[in-house]
There are 2 protein chains.
Amino acid sequence: MDGQPIDPSGTAEAGELSTLAQRLQALCLAARWTVVSAESCTGGMIVDTLTDVPGSSGYLLGGIVAYSDALKEGQLGVPGEVITAHGAVSAQVARAMALGALERLGATFAVSVTGIAGPDGGSEAKPVGLTYVGVAGPGGVEVRRFAWVGDRAANKRASTRAALELLIGAVETAAATAAAAR
Amino acid sequence: MDGQPIDPSGTAEAGELSTLAQRLQALCLAARWTVVSAESCTGGMIVDTLTDVPGSSGYLLGGIVAYSDALKEGQLGVPGEVITAHGAVSAQVARAMALGALERLGATFAVSVTGIAGPDGGSEAKPVGLTYVGVAGPGGVEVRRFAWVGDRAANKRASTRAALELLIGAVETAAATAAAAR
């Protein structure tokens, strides 16, 4: 999936992020589900956004910001071979980060992000803005690819929004599945 | 140390935080030192602020947001007895978080924050706004107490600012010590 239009000022997105955080919190508190994050290029913006909402400690256990490859391996259990073979910014690493966070931190859902926020770090094969978002939960693991076209700040916000949207989708699917099974 | 005046709008503080992040980055890149964070009530705002600066991956390894006590124990190695004896918001836990992050994540410096951002979670003994900030590094470990008087957002920003200031102070002291030894 390619990038969507980005609000350059970030003002509208800040409000939108807050709305998404409140929606996620209401869903998780109702189902008594917990959430953790495993972030690279978003650098903590996901947990920061979620903890802006009072009462978030009721479902958010925390998260790991694994900016260096050493932390991706040591704290999230991403195999070094996977990083070497596919690069830190890859679907495989996003998948391993989400699964590692889920297992090591013991939550119902884990969301992960790895990407190149810019302005440096891009290449022809992996340009600035390339981002992979992963979600792991009771329904399995899902990874999506995005290609943002903004600056560093806009790319961080866009990735945070995409991560929250993917996570909310997974939580809603799980809630519908649980309701159908009752 | 008690709380200092807080900018209610947060606008001036956002600029100030960015300036502090740039200063920390310049100091650490010059000395080739690395930094990690261990955050509770700031919820990732410290790493988010630091990663807003391009090139931050040159010194910032990442961080752990340990919102739940289970993550404080499991990911940062804070002894459960210390949490039980002193509470999660205490100088002892801030100290253990900083030392745990330093050891487990393998950086030169670690900064930690534990506090009550509000609006809930306060008590007579530990009111909303009570916050402990810790820094561990080559010079040892230091913890300071703050008592903020703002709302949740203002308290998060004030704690982030206090953490960055304490961290920069420790880095500057270490740099001066290293220079004197040459």
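1. Let's start with the pairing of strands β1 and β3 in chain A of this predicted model. Strand β1(A), residues 35–39, runs parallel to β3(A), and five bridges link the two. Within that pairing, E39(A) sits opposite V113(A) of β3(A).

2. On to the next neighbour of β3(A). Strand β4 of chain A, residues 130–137, pairs with β3(A) in the antiparallel sense, this time over six bridges. If you would like a residue pair to look for on screen, V111(A) has V135(A) of β4(A) as its bridge partner.

3. From β4(A) the chain goes on into β5(A). A hairpin of two residues makes the connection between these strands. β5(A) covers residues 140–147, and eight bridges hold it antiparallel to β4(A). V135(A) turns up again here, with E142(A) as its bridge partner in β5(A).

4. How much of β3(A) is buried? Seven of the seven residues in the stretch 109–115 are buried, so the strand is largely enclosed by the rest of the structure. F109(A), V111(A), V113(A) and G115(A) point one way from the strand, while A110(A), S112(A) and T114(A) point the other way, and all of them are buried.

5. The nonpolar core is worth a look next. The largest one has 116 residues, and A98(A) and A98(B) are those with the most contacts inside it. Leaving aside residues up to four places away in sequence, A98(A) touches A38(A), A110(A), V111(A), S112(A), G134(A), V135(A), A136(A) and V141(A). As general background, nonpolar side chains tend to be buried together in soluble globular proteins.

6. A98(A) belongs to helix α5(A), where it is one of the buried residues. The helix is mostly covered, with eleven of its 15 residues buried. Among them are V93(A), R95(A), M97(A), L102(A) and L105(A). Its length also checks out: 15 residues at 1.5 Å a residue should span 21 Å, and the end C-alpha atoms are 21 Å apart, which agrees. G106(A) follows the helix with a positive phi, near 70°.

7. Now for α5 in chain B. Eleven of the 15 residues of α5(B) are buried, so this helix is largely enclosed by the rest of the structure. The buried set includes A94(B), R95(B), A98(B), G100(B) and L105(B). The expected span of α5(B) is 21 Å and its end C-alpha atoms lie 21 Å apart, which agrees. Just after the helix, G106(B) has a positive phi of about 65°.

8. Where do the two chains meet? In total, 26 residues of chain B are in contact with 26 residues of chain A. On the chain B side, α2 (45–51), β2 (60–66), α3 (69–76) and α6 (152–181) each supply at least two residues. The largest share comes from β2(B), with seven residues. Sorted by class, the chain B side has 14 nonpolar, eight polar and four charged residues.

9. The β2 strands deserve a point of their own. β2(A), residues 60–66, and β2(B) pair antiparallel, with five bridges between them. One pair to look for is V65(A), whose bridge partner in β2(B) is G63(B).

10. V47(B) is a handy residue for viewing this region. Its place is in helix α2 of chain B. Is V47(B) buried or exposed? It has 33 C-beta neighbours inside 10 Å, and since 20 are enough to qualify, V47(B) counts as buried. Sequence neighbours up to four places away aside, V47(B) touches G43(A), G44(A) and V65(A) from chain A, along with S37(B), G62(B) and G63(B) from chain B. The C-alpha atoms of V47(B) and A21(B) are 9.6 Å apart, although 26 residues separate them along the chain.

11. Finally, consider helix α3(B). Which of its residues are buried? They are L71(B), K72(B), Q75(B) and L76(B). Viewed down the axis of α3(B), these buried residues fall within an arc of 105°, so they line one face of the helix. The general helix geometry is a useful reminder here: an α-helix has 3.6 residues a turn, so residues three or four places apart point the same way. The buried residues of α3(B) pack against β2 and α5 of chain A, and also against β1, β2, α4 and α5 of chain B. After the helix comes G77(B), with a positive phi near 70°.

Notes. Residues are numbered from 1 along each chain as its sequence is written. Chains are lettered from A and ligands numbered from 1 in the order in which they are written. This is a predicted model: local features need pLDDT of at least 70, side-chain atom pairs count only at pLDDT 80 or more; totals for chains, interfaces and linings use all residues. A nonpolar core is a set of buried Ala, Val, Leu, Ile, Met, Phe, Trp, Tyr and Cys residues joined through C-beta atoms within 7 Å. A residue is buried if 20 or more other C-beta atoms lie within 10 Å of its own, exposed if 12 or fewer, and partly exposed in between; C-beta atoms are placed from the backbone. Two residues are in contact if their C-beta atoms, placed from the backbone, lie within 7 Å. Helices (H or I, at least four residues) and strands (E, at least two) are DSSP runs, numbered from the N terminus. Ala, Val, Leu, Ile, Met, Phe, Trp, Tyr, Cys and Pro count as nonpolar, Asp, Glu, Lys and Arg as charged, and the others, Gly among them, as polar. Two strands pair if DSSP finds at least two bridges between them. The arc is that of the directions from the helix axis to the C-beta atoms. The expected span of a helix is 1.5 Å times one less than its number of residues.
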